[in-house]
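Thank you for sending this model; the notes below are meant for someone meeting the structure for the first time. They are arranged as numbered points, and each can be checked against the display.

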Amino acid sequence: MNTIVIFDIDGVVRDVSGSYRRALADTVENFTLGAYRPTPVDIDQLKSEGIWNNDWEASQELIYRYFETQGQPREQLGLDYKNIVAFFQARYRGTDPENFTGYICDEPLLLSPSYLEQLTLAGIAWGFFSGATRASANYVLQSRLGLQSPVLIAMEDAPGKPDPTGLFATVRLLQQNIDKLSIIVYVGDTVADMYTVEKARNLQPEKTWIAVGVLPPHVQETPVWRDAYAETLRQAGAAIVLNNVQELTPAKIQAIRTATAKGGNLEDLRAELFSEE
């Protein structure tokens, strides 16, 4: 094996538009006393800043920003972050401490176990690096997809993205039998995911890091929204942007390897990859 593919989970492996994002909107609405419920576009705009990968923190930030528009400085609000997290989790995870009963139960899956089997058969090592909690990530990976002990670095294991510490940790877990010249592909759906790869490249330039963007389902509702979101990911560093993670086939990964081996900058890589399609 000489290629590693690491997947984000939310928006890549599962559709969270009706779960995480719904819980985020519920939370902001609750803590603004019903005065403001962020739209999907509002949430996308916040996340395009590249530093709001954690949805608890994103909820708090949108609450702060709403009250600032009302002339109330955030320093005077006295928000309790623990209460924000607790409300969010009650919506997303549910109120049963032993079982998932919330929005998480209804998340559509965006890839199948057979897709991952194809990668394995092609000699491609794969794992997951996500800002989701370990319990939430394992619910989708193990309970929903039936994966046995997948390589996973979750929220509790590393600082939040775009800090690449968790990405490095995932690579270490996967790099057995991988030569040092291997290509590492990280697949994500947000600006923070793309920035994570850029930071990894800056800190470990001896490795070849490739960012692949995936469009989350909610932005594909209209061509204008889809195209704008795709361009945002490209501007943040995505070599290519796909409509669904399963479009990243072994053949496409080989095309990435071939294009990368020729050297050149990001634009050269994109041109080479598009010529393969």
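1. Which residue follows H6, and what is the sign of its phi? The residue is Gly146, and its phi is positive, with a value near 75 degrees. Please keep in mind throughout that this is a predicted model, and that the values quoted here are computed from it.

2. The helix that comes before this glycine, H6, covers residues 134-144, and its buried residues are Ser136, Ala137, Asn138, Tyr139, Val140 and Leu141. These buried residues pack against two helices, H1 (20-31) and H4 (81-92), and also against two strands, E2 (124-129) and E3 (152-153). As background, residues three or four places apart in an α-helix point the same way, because such a helix has 3.6 residues a turn.

3. For the chain as a whole, the secondary structure amounts to 11 helices and 6 strands. The radius of gyration is 19 Å, which agrees with the value near 19 Å that a compact globule of 277 residues would have. Along the principal axes, the C-alpha atoms fill a box of roughly 55 × 40 × 35 Å. Of the 277 residues, 52% are buried, and among contacts with a separation of 6 or more, 71% are between residues 24 or more positions apart.

4. Turning to surface and charge, the chain exposes about 12600 Å², of which carbon and sulfur atoms supply 49%. There are 24 positive and 36 negative side chains, and the centres of these two sets lie 3 Å apart.

5. Several backbone values deserve a careful look, given that most residues other than glycine have a negative phi, and most peptide bonds are trans. Leu33, in the loop between H1 and helix H2 (40-47), has a positive phi near 60 degrees, and this leucine counts as exposed because its relative accessibility is 76%. Ser149, in the loop between H6 and E3, also has a positive phi, of about 50 degrees, although it is not a glycine. Ser149 is exposed too, since its relative accessible area is 66%, and the cut-off for that label is over 50%.

6. The peptide bond that runs from Lys161 to Pro162 is cis, with omega near 15 degrees. Pro162 itself is placed in the loop between E3 and helix H7 (165-174).

7. Is Lys47, in helix H2, buried or exposed? Lys47 counts as buried, because its relative accessibility is 10%, and buried means under 20%. Its side chain makes a polar contact of 2.7 Å with the side chain of Asp55. With neighbours within four places in sequence left aside, the residues in contact with Lys47 are Arg21, Trp52, Asn53, Asp55 and Val191. The C-alpha atoms of Lys47 and Ala192 are separated by 7.5 Å, although these two residues are 145 residues apart along the chain.

8. A further polar pair involves Thr3, which lies in strand E1 (residues 3-7). Thr3 is buried, as its relative accessible area of 3% shows, and a polar contact of 3.1 Å joins its side chain to that of Arg257.

Methods
Residues numbered from 1 in each chain as written. Predicted model: local features only at pLDDT ≥ 70, side-chain atom pairs only at ≥ 80, totals over all residues. Heavy atoms only, no water. Buried < 20%, exposed > 50% of the residue type's maximum accessible area, 1.4 Å probe, protein only. Helix = DSSP H or I, 4+ residues; strand = E, 2+ residues; numbered from the N terminus. Contact = heavy atoms within 4.5 Å. Rg over C-alpha atoms; globule rule 2.2 N^0.38 Å. Areas by Shrake-Rupley, 256 points an atom, 1.4 Å probe, with all protein chains shown as cover. Lys, Arg positive; Asp, Glu negative; His and termini not counted. Charge placed at Lys NZ, Arg CZ, Asp CG, Glu CD. Polar contact = N/O pair within 3.5 Å; in protein donor to acceptor, adjacent residues only side chain to side chain.
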